[in-house]
Amino acid sequence: MGRPGYLTLPIFAALAAIGYVYYTTVFVAVAGWLGLATAAGVANAAAFTALAAACLATYAAAVSRDPGRVPPTFLPDVEDAETPVHEVKRKGGDLRYCQKCGHYKPPRAHHCRVCKRCVLKMDHHCIWINNCVGHENYKIFLVFVLYAVIASFYAMILIVGSIIYSAPKDEQLGSDSSRTSIIICGVILCPLTLALTVLLGWHIHLILQNKTTIEYHEGVRAMWLAEKGGDLYHHPYDLGVYENLISVLGRSILCWLCPVSTNTSNGLRFRSSYNTSSASPPCDLQKIALHSQ
């Protein structure tokens, strides 16, 4: 496993897959089916090239963008009236403190064993970008996955179209190498499209509830413990669908698909459902026991 910020084998594999799919789709599938000298061929080649460029740009941004560092001077303010929810350790009820980094953890921050530091609003560590997905690059990662899903489906349509077109007259595909390229590209695209679609659906599900992957798994346990004690568990950062969306994608809908960070918080404090309600949270909910990661 390479150090964060360095190019690793999975990154080279991802770049190679993008390059191979692009070459085969444009210069084999589109060229053999529509032709690159026709208006339809040029339009499809240009559209797919734009999608591939968007994928590369957002992928590079996800790889290089820091996910968010915890300031070494950070101290939680338990008396802050605007922060009615404080995260504590399950055992002991103390405020979360990272022994490895030597500082307190802000809400939703966790220590990454690979990056060897705490990451703001950490979602997960992704080997395909050799980086954590956190507060500062989560939207960039999401937009990359979205563009990759669209590009994958588009490539599948163009490749299937070229196969159907050339089936009655097999010579249209040209040499055996062209056929082999189409087959290899299909073998790459089928599982890749499925995996990316599932990943995109999963993160849309998380965004709509204003959860990270870590918080989802912690919430499963918290819900079980609450039900065991006869209580109901409510995710404290769930502000409603629209507010959850803009907390990640930003307030301007026109910028939702732009690979820039448009967070509505600084990563150290987050609005909770208690901030939007006039009622104060119950005493037993003013602190939330979370995993000391």
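**Buried residues, a nonpolar core and paired rings**

Trainee: Is Arg117 buried or exposed?

Mentor: This is a predicted model, in which local features need pLDDT of at least 70 and side-chain atom pairs count only at pLDDT 80 or more, whereas totals for chains, interfaces and linings use all residues. Residues are numbered from 1 along each chain as its sequence is written, and side-chain values use heavy atoms, with hydrogens and water left out. A residue is called buried under 20% relative accessible area, exposed over 50% and partly exposed in between, using a 1.4 Å probe and protein chains only. The relative accessible area of Arg117 is 13%, so Arg117 is buried.

Trainee: How far apart in space are the C-alpha atoms of Arg117 and Arg69?

Mentor: Arg117 belongs to strand S5, residues 117–119, where strands (E, at least two residues) and helices (H or I, at least four) are DSSP runs numbered from the N terminus. Arg69 is among the residues that Arg117 touches, a contact being heavy atoms within 4.5 Å. The two residues are 48 apart in sequence, and their C-alpha atoms are separated in space by 8.0 Å.

Trainee: Which helix gives the largest share of the largest nonpolar core?

Mentor: A nonpolar core is a set of buried Ala, Val, Leu, Ile, Met, Phe, Trp, Tyr and Cys residues joined through side-chain atoms within 4.5 Å. The largest one has 43 residues, and those with the most contacts inside it are Phe48, Tyr59, Ile129 and Val145. Helices H1, H2, H3, H4 and H6 each supply at least two residues of this core. The largest share, 15 residues, comes from H3.

Trainee: Why does the pair of Phe48 and Tyr154 get its name, and what is that name?

Mentor: Rings of Phe, Tyr and Trp (its six-membered ring) pair if their centres lie within 6.5 Å, and planes under 30 degrees apart count as stacked, over 60 as edge-to-face and the rest as tilted. Phe48 counts as buried at 4% relative accessibility, and Tyr154 counts as buried at 18%. Phe48 is in helix H2 and Tyr154 in helix H3, 106 residues apart. The ring centres are 5.9 Å apart and the planes stand at 70°, so the pair is edge-to-face.

Trainee: Over which ring does the charged end of Arg108 sit, 4.3 Å from its centre?

Mentor: A charge sits over a ring if NZ of Lys or CZ of Arg is within 6 Å of the ring centre and within 35 degrees of the ring normal. The charged end of Arg108 sits over the ring of Phe270, 5.0 Å from its centre. At 4.3 Å from the centre, the ring under this charged end is that of Tyr237.

Terms used:
Lists of a residue's contacts leave out its neighbours within four places in sequence.
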